[in-house]
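Work through the exercises below with the sequence and the model open. Each task is followed by a solution in steps.

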Amino acid sequence: MLKRRLFTPGPVPVPERVRLAMAREMIHHRAADFLPIFQHCKVGLQRIFQTAEPVLIFSSSGTGAMDASVSNLLSPGDHALVVRGGKFGERWAEICEAYGVRATCIDVEWGTAVDPARVRDALAEHDDIKAVYVTASETSTGVRHPIREIAEIVRERDDRLIVVDAITAVGVYELPVDAWGLDVVVSGSQKAFMMPPGLAFMALSERARRFHQSARCAHYYFDLGKEIKALDGDQTAWTPAVSLLFGLEEALRIILDEVGLEETWRRTERLAHATRESMRALGLELYAPDDPSPALTAVRVPDGIDGPALRKRLKDELGYTVADGQGAAKGKIFRIAHLGYFDRFDTIGAIAAVEMALASLGFSFKLGEGVRTATELLRD
Ligand SMILES: *Cc1c(COP(=O)(O)O)cnc(C)c1O
């Protein structure tokens with residue numbers, strides 16, 4: 001018997017309660033019985049984003065909200081700054097290009113975090129930059145970027161925005177939208193929200209709403225003005241993904257009311273820490289040793305071991321699906337998720353599976369050392 005276990009940093013496992021909530025009878029999204037469900041989601045999202053500003057809900061994957069964060073805030077020919085240190089930083093630059101927004105990119109070595117001084121220098125050099133696009137947790141490399149420090153620099157002036165892809169940061173670690181003065185913060189359902197893919201979320205500041213009014217990039221489906229107006233009446237502009245909202249209500253109940261947001265951050269950090277230490281104990285190297293995101297751990301495939309063969313063995317023989325590297329890191333790393341519906345026994349199991357796969361591929365190390373390290377760290 002082989003149980004399938006999903007350890008990718010999105011999609012993630014979905015708790016049974018959330019799956020069952022989504023199975024309920026369809027209701028009409030403009031009818032009175034939908035209202036309390038939507039209101040719970042609306043308020044819960046504000047709590048998890050740590051904001052009093054509106055949090056919009058889109059029926060799309062996370063990239064839909066990223067797309068809207070360019071098309072609805074800027075005009076063709078506007079100048080943006082992009083921090084590009086992985087696949088998702090690249091995505092910001094690609095979206096800017098698609099809308100005719102000029103992007104100046106700060107290229108950051110993969111596996112490392114940006115030095116905020118480089119953002120300061122770029123802003124000083126180009127005083128026409130209207131928006132700074134950054135990634136909080138760069139899921140492709142496992143790096144956590146210093147958003148608070150970057151926000152302080154951007155905030156020195158009032159006429160520019162800081163837009164954060166926090167898709168694997170919201171619900172993973174503390175990223176207080178209002179307290180840090182973040183203008184636009186984006187996330188998605190298939191990450192820390194323990195949901196299937198299909199919903200994107202976007203918090204936006206008063207300043208961002210002002211920018212929206214003068215933005216001239218073409219857009220139709222993703223229209224922040226229409227969505228803000230609809231949200232005021234506890235609605236979405238278009239038909240929402242009703243069943244996913246049933247699930248979101250249940251997931252937010254678990255995260256916010258039963259487990260607690262701080263406990264969720266703490267658990268995720270503990271799992272990440274234990275995984276990093278156990279990989280080191282096996283003699284493996286981390287891809288982002290200095291600035292790791294707790295959302296996931298990116299581990300270098302050791303010399304002499306074939307990356308795809310390692311992942312294949314984990315999946316086909318041991319039931320564990322871990323993620324490959326993306327882009328330049330493809331085949332060179334594997335990534336283990338911690339965000340969302342994972343507990344310490346899940347993580348210890350994943351570490352055991354990595355050990356078994358490595359052993360069967362002939363990697364030389366002391367079998368059990370990773371599990372011992374993690375057990376010690378997660379004992380109480
Ligand atoms: C998952 C993810 C995205 C969004 O990808 P979608 O496939 O559109 O949901 C964007 N940025 C980061 C950092 C992510 O982890």
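A residue counts as buried under 20% relative accessible area, as exposed over 50%, and as partly exposed in between, with a 1.4 Å probe and protein chains only. The model is predicted: local features need pLDDT of at least 70, side-chain atom pairs count only at pLDDT 80 or more, and totals for chains, interfaces and linings use all residues. Residues are numbered from 1 along each chain as its sequence is written, and side-chain values use heavy atoms, with hydrogens and water left out.

**Exercise 1.** Place Ser71, decide whether Ser71 is buried or exposed, and list its contacts.

Step 1. Ser71 is found in helix α3; helices are DSSP runs of H or I with at least four residues, strands are runs of E with at least two, and both are numbered from the N terminus.
Step 2. Ser71 counts as buried because its relative accessibility is 1%.
Step 3. Its side chain makes a polar contact with the side chain of Asn72 at 3.0 Å. Such a contact is a pair of N or O atoms within 3.5 Å; within protein, one must be able to donate a hydrogen and the other to accept it, and residues adjacent in sequence count only if both atoms are side-chain atoms.
Step 4. With neighbours within four places in sequence set aside, Ser71 is in contact (heavy atoms within 4.5 Å) with Tyr99, Ala215, Cys217, Ala218 and His219.

**Exercise 2.** Do the same for Ser75.

Step 1. Ser75 sits in the loop between α3 (62-71) and β3 (79-84).
Step 2. With 13% relative accessibility, Ser75 counts as buried.
Step 3. The Ser75 side chain reaches the backbone nitrogen of Arg216 at 2.9 Å.
Step 4. Residues up to four places away in sequence are not counted; Ser75 then touches Val101, Ser214, Ala215, Arg216 and Cys217.

**Exercise 3.** Give the strand order of the open sheet of 3 strands, and find its edges.

Step 1. The order is β11-β14-β13, with antiparallel pairing; two strands pair if DSSP finds at least two bridges between them.
Step 2. β11 (296-300) and β13 (323-324) are the edge strands, since each pairs on one side only.
Step 3. β13 is joined by 2 bridges to β14 (residues 333-337), and the two run antiparallel.
Step 4. Ala323 stands opposite Arg335 in β14.
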